[in-house]
Number of protein chains: 2
Amino acid sequence: MTDNIPPLKTQQRLLITASRIFAEKGYQDATIAEICEQAETNIASVNYHFGDKENLYLEAWRYAFQQDLKAHPSDGGVDQNTSAEHRLKGRIQSLIARIADPDSHFFAIVHKEMAHQTRLLEKIMEQEINPEREAMNTLIRELLGDNANEKQVQFCHASIIGQCFHLLKVKHIKLNNETRHYVLDMNDAEDFAEHIVTFSLAGIQAIRQQNQLNSIHD
Amino acid sequence: MTDNIPPLKTQQRLLITASRIFAEKGYQDATIAEICEQAETNIASVNYHFGDKENLYLEAWRYAFQQDLKAHPSDGGVDQNTSAEHRLKGRIQSLIARIADPDSHFFAIVHKEMAHQTRLLEKIMEQEINPEREAMNTLIRELLGDNANEKQVQFCHASIIGQCFHLLKVKHIKLNNETRHYVLDMNDAEDFAEHIVTFSLAGIQAIRQQNQLNSIHD
DNA sequence: GTATATTTCAAACAAGCATTTGAAATATAT
DNA sequence: ATATATTTCAAATGCTTGTTTGAAATATAC
């Protein structure tokens, strides 16, 4: 009777390994052979436990999503009673954290998925991402004020998400640094999050003020 | 002696077709068979004219870059003597136009390239994109004022590029629109460009003002 | 302890696709 | 007009990789 931790089940090892490798290489370039080798199991086990490669991909992605959220809750751990500014800041920081954290794979897979284009995954995306989008849009609406229309809300949302996802690109394009000037990298993630908050709150205010000016003319 | 336009050479047809198909499907999913079929030539012609698939990809990408710039010059056709605000606006509009135009393939290929990860392409990217980046950074420096440091310039650049590239994602993720609320789409490209300009000029001003406040404390 | 179900494994299989080949067709030059 | 170079073509080749197979090993249940 030892207190040894029982080794993880094959299925679990496959999920963990697959989410990492799919994040690194994308669906196409990741081979079942490589995943199984690193998960220390036989190739046939993918078929046995998950049916086929695509289903393993799906499950690994879902798994990564849950793990990432466990490490970085989407509200950033900010009290729901604080100002919209602070809650937006929390959400931006959470997003940046999930993108920058080398152990968070969900967004890396999303990023790689740009090329692959599976219909199934899109469905998952909608399911998983929509609630986060709506939560952020609610904050944006509050910050934009009553004169704002839905299009402006979506544009501001796109501005914020676009900035955050840009870090994803930087993360995966490892540039051959020929002693060039300073360039955004992963060590700046927290600073960049601060920047996005400042930049975006000002952007939102500008739209709000534009609306107020226009409404006077009516 | 007729004034018939001579049919395009095989090599040219391959470049045109390949840039379109690589933009649609990415490197991996695009097959030589399909490209040749649509270019109305034999599969072996890729090997004959370009050596291999990767080199065709390279050449098609370069070709797309040139074509896109021909249609949408990177300065947006704005007079170099106008204000930094207007010149930045011109650049943003050019970028958005090249991203939104269904006949412009360069950025679509960049987008799909996220998954493929060829070292060669990265090198070309640097060559082609760096001048544009520097041009925009010069404008950003001017708008940020003398108190700004290089990191802030890069952050602001990342903010703007990130917003523009977000449109690229929207373009290629054709969502199964289940009668959901309004959502950004390609018809909004011009409006979105306007939005990015307003949003980003305000963001840049906010950083500038932050710097001014901080410099007073010294 | 035996029978049944579950899981692992090495090897074989099959499909997709880039690439090659060598001959046929066409263009170019002299 | 003839010789030479260029371009096209159908078919074959070979590699990569996802999937299947059936037996062996292991766990589970009674």
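What percentage of the 218 residues in chain A is buried? In this predicted model, buried residues account for 39% of that chain. The fold of chain A is built from nine helices and has zero strands, so that its pattern along the sequence reads α-α-α-α-α-α-α-α-α. Taken along the principal axes, a box of roughly 75 × 45 × 40 Å holds the C-alpha atoms of chain A. Among the contacts of chain A with a separation of 6 or more, 66% join residues 24 or more positions apart.

The DNA may be considered one strand at a time, beginning with strand C. Around DNA strand C there are 15 residues, and the closest are T10(A), A44(A), I32(B), D52(B) and K53(B). Both protein chains therefore appear in this list, with T10(A) and A44(A) from chain A and I32(B), D52(B) and K53(B) from chain B. At least two residues of the surface near DNA strand C come from each of α3 of chain A, α2 (32-38) of chain B and α3 of chain B. The greatest contribution is that of α3(A), with three residues. By class, this surface near DNA strand C comprises seven nonpolar, six polar and two charged residues.

DNA strand D is likewise surrounded by 15 residues, of which N47(A), D52(A), K53(A), T10(B) and A44(B) come nearest. Here α2 (32-38) and α3 (44-50) of chain A, and α3 (44-50) of chain B, each provide at least two residues of the surface near DNA strand D. It is α3(B) that gives the most to this surface, with three residues. The residues near DNA strand D divide into seven nonpolar, six polar and two charged.

Technical notes
Residues are numbered from 1 along each chain as its sequence is written. Chains are lettered from A and ligands numbered from 1 in the order in which they are written. This is a predicted model: local features need pLDDT of at least 70, side-chain atom pairs count only at pLDDT 80 or more; totals for chains, interfaces and linings use all residues. A residue is near a molecule or strand if its C-beta atom, placed from the backbone, lies within 6 Å of it. Helices (H or I, at least four residues) and strands (E, at least two) are DSSP runs, numbered from the N terminus. Ala, Val, Leu, Ile, Met, Phe, Trp, Tyr, Cys and Pro count as nonpolar, Asp, Glu, Lys and Arg as charged, and the others, Gly among them, as polar. A residue is buried if 20 or more other C-beta atoms lie within 10 Å of its own, exposed if 12 or fewer, and partly exposed in between; C-beta atoms are placed from the backbone. Two residues are in contact if their C-beta atoms, placed from the backbone, lie within 7 Å.
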